[in-house]
Amino acid sequence: MPSNPSLRTHQQAATNHELSGSEALNDALTLCMERDPSTLIIGEGVPDPKGIFGTTDGLRQRFGSKRVFDMPLSENGLTGICVGAAISGLRPIMVHQRIDFALLAMDQLINNAAKWRYMFASQANVPLVVRCIVGRGWGQGPQHAQSLQSLFSHIPGLKVVMPVFPDDAKGMLCAAVTDNDPVIFIEHRWIHSLRSEVASEYYETPLDKARVRREGCDITIAAFSYMTVEALHAADALTRLGLEAEVIDMRSVNPLDVPAVLNSVAKTGHLLVADTGHENFGVAGELIASVARQGFELLQTAPASICLPNLPCPTSHAWAEHYYPTAINIATQALHLCDIQIGRVQHHELEKLRPTTLPDIPNPEYCGPF
Amino acid sequence: MPSINEHELLRRMLRIRRIEEALATRYAEQEMRCPMHLCIGQEASAVGVTAALAQDDHVFSGHRAHGHYLAKGGDLTRMIAELYGRVTGCCKGRGGSMHLIDQSAGFMGSTPIVGGTVPVAVGAAWASQLRDNGRVITLFFGDGCFEEGVMHESMNFAALHQLPIVFVCENNAYAVYTALEDRQPQRPIHSIAAAHGLHANSLDGNDVRAVRTATSQAVKRARTGEGPQFLEFQTWRWREHCGPDIDDQLAYRPADAQTVWLARCPIQHEQNYLRSRQLLDDIAQRNMENIIQQEIDKAFEAAIDAPFPSAKNMREHLYAQ
């Protein structure tokens, strides 16, 4: 986990506390449900002893069984039911413990939730939040570790966000719940254990704004979801090699905050995009295309991307380090983009980025089983 | 119904139990790095059902598939190697516990997205009918899966075309931590299958002989053109939904129900049956245990000795070559 001080928010200390990602999400849900009695939460396992990785702990006890629901294993039906509740004045938050189960609900998400406002000319709101958790590591494999942000982002009418750090997770979940359109809220499983200072009170963080997490003048690294963590690690190593990387946590996928990236590229001239999804037809390619269309003259070199290979996720942990790119891949690519040869010094610095834990777990404490 | 010797149902259940227990014990070593759903307590449905099938019949399953794979004759070493992420595994390391396959034994695949294999099994039954090869398809799923829309779409199609398939619902009353009564209204699951036009039946899933007899009758009807069959077996999962441990301390299931079901151990039930008829003594049982233990030890050893997959073959198998 990065110890970079730029990760800290600069709220007043008295109102801050350090939270994990799952605690921050729990905090956001609690505050949203307190503020607005029309908010309800439903999902397989929401009130159970594990509480969706701790994010829904205590909600049933606090808000009762008429607002905090478990559900039958009926993802498509229940999504449509939530759309119906949403157009009828409620604010449902649906949860999928793995985003792969949201695929069962694609008809209702794409044909109804995403279209309702447009096809009926804004005569109804669809204030629906769908929290989807992306698995990684410990053999999650082909059907429990997919990164599907580009799939959802392709659909006009859906908003898609991917916060990383606890302060953003909280603020963006609050904003998503208040939003009057359907929001796909994608949580990488490994963000749940990240920690940062989080303001105690209710606040909203925009759903369409990237955030510069580290300033630099030599290269722009625009990162999505957990790749922001890897990008910040990479930036530490690059500094020691004389390269100042600007790291942008994109936070939102649809809409993409292209102006934020253009601003940065105007300064650096180099763009590297790191995404947790597949490369083909993906989010990284979309961002690069947007920058090329709108700011071609700002680029000194062709942009590059670091993504998952165009393969389903294989289960064996022996493949984890080959399947998932990390800080080393980002830093290496950044050096290439800036035309810095990788000699002995660079190699030594890059090697220091190699994870000290096994590559299929986020921290040494993690020991499965899911 | 294929003929088997008197000890065989017990031996097959005991073998699955001991394999699952060995997996649970060794899981703590953190060398099997994948989610794992053990079937301890539910061995009778796996063994009773598959003991009524022909070698050439096909089986599909879901996330809790070890027992179904093994009972159908799936290779033990290749299953364990898969759990250890080895290249010799039944999916060459791509699948892990939640994705098993041994087509040579008629085990055609298991996947963990609930309901995922339901229409696939119906499609296999459709192919069997269209090709008129006499094969019956069996599909294992749980009470939770019965809530998926695709379940009902699949039963409808199977009934419409009178397909040769046996739907086997292992009703263990919980989906992860959520009780059946919090997910479905008070009515029998099998009655909904009957309303779809399936020949439906419900019985004690921990009585391996009853399971086998009921399945044998269902398979016969399916094979002779009487259409899809539905068997609901009442059973109980002894350990946590996912992982190696007993999780009774979480108290999501009533303690008295747990006690009742532990007393209804399918293996103990079959042992009692055999012993009361003087068909099993201590020596025979000890021999059975020893042979099973030797097989398990050997399989673990072979699985662990096998190499990990290499970076260069990660890209294989995405498309046909």
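In strand 7 of chain A, A:I184 is the bridge partner of A:V160. That pair belongs to a predicted model, and a good place to start is the pairing around it. Strand 6 (residues 159-161) and strand 7 (residues 183-188) of chain A run parallel, and 3 bridges join them. In general, the strands of a sheet are held together by backbone hydrogen bonds, in either a parallel or an antiparallel arrangement.

Zooming out, strands 6 and 7 sit in an open sheet of 7 strands in chain A, ordered 3-2-4-5-7-6-12. The pairing across this sheet is mixed. At its edges are strand 3 (68-69) and strand 12 (252-254) of chain A, each of which pairs on one side only.

Helices come into the picture too. Helix 3 (residues 75-87) of chain A lies across strand 2 (39-43) and strand 4 (91-96), and runs at about 160° to strand 4 of chain A. Helix 7 (residues 166-178) of chain A packs on the sheet as well, where it touches strands 2, 4, 5 (129-134), 6 and 7 of chain A. The direction of helix 7 makes about 160° with that of strand 7 of chain A.

Now for the domains. Chain A is assigned domain 1 (16-199) and domain 2 (211-351), and their C-alpha centres lie 27 Å apart. Where the two touch, domain 1 of chain A gives 25 residues and domain 2 of chain A gives 21. On the domain 1 side, the elements that supply two or more residues are helix 6 (149-153), strand 6, helix 7 and strand 7 of chain A. Sorted by class, that side of domain 1 has 14 nonpolar, 9 polar and 2 charged residues.

Chain A also meets a partner: 38 residues of chain B are in contact with 32 residues of chain A. The chain B side of this contact divides into 19 nonpolar, 12 polar and 7 charged residues.

Within chain B, one helix pair is worth a look. Helix 1 (residues 8-27) and helix 11 (residues 282-305) of chain B pack with their axes 10 Å apart, at an angle of about 45°. Because of that angle, helix 1 of chain B counts as oblique to helix 11 of chain B. The crossing of these two chain B helices is right-handed. Helix 1 of chain B brings B:R11, B:L14, B:R15, B:R18, B:I19 and B:A22 to meet B:M288, B:I292, B:Q293, B:I296 and B:F300 of helix 11. By class, this helix contact has 7 nonpolar, 1 polar and 3 charged residues.

Technical notes: Residues are numbered from 1 along each chain as its sequence is written. Chains are lettered from A and ligands numbered from 1 in the order in which they are written. This is a predicted model: local features need pLDDT of at least 70, side-chain atom pairs count only at pLDDT 80 or more; totals for chains, interfaces and linings use all residues. Two strands pair if DSSP finds at least two bridges between them. Helices (H or I, at least four residues) and strands (E, at least two) are DSSP runs, numbered from the N terminus. Two residues are in contact if their C-beta atoms, placed from the backbone, lie within 7 Å. Axes are lines fitted to C-alpha atoms, for helices over the stretch in contact, and angles run from 0 to 180 degrees between N-to-C directions. Ala, Val, Leu, Ile, Met, Phe, Trp, Tyr, Cys and Pro count as nonpolar, Asp, Glu, Lys and Arg as charged, and the others, Gly among them, as polar. Domain bounds come from an automatic or database domain assignment. Angles under 35 degrees count as roughly parallel, over 145 as roughly antiparallel, 65 to 115 as roughly perpendicular and the rest as oblique. A crossing is left-handed if the near helix is turned anticlockwise from the far one by less than a right angle, and right-handed if clockwise.
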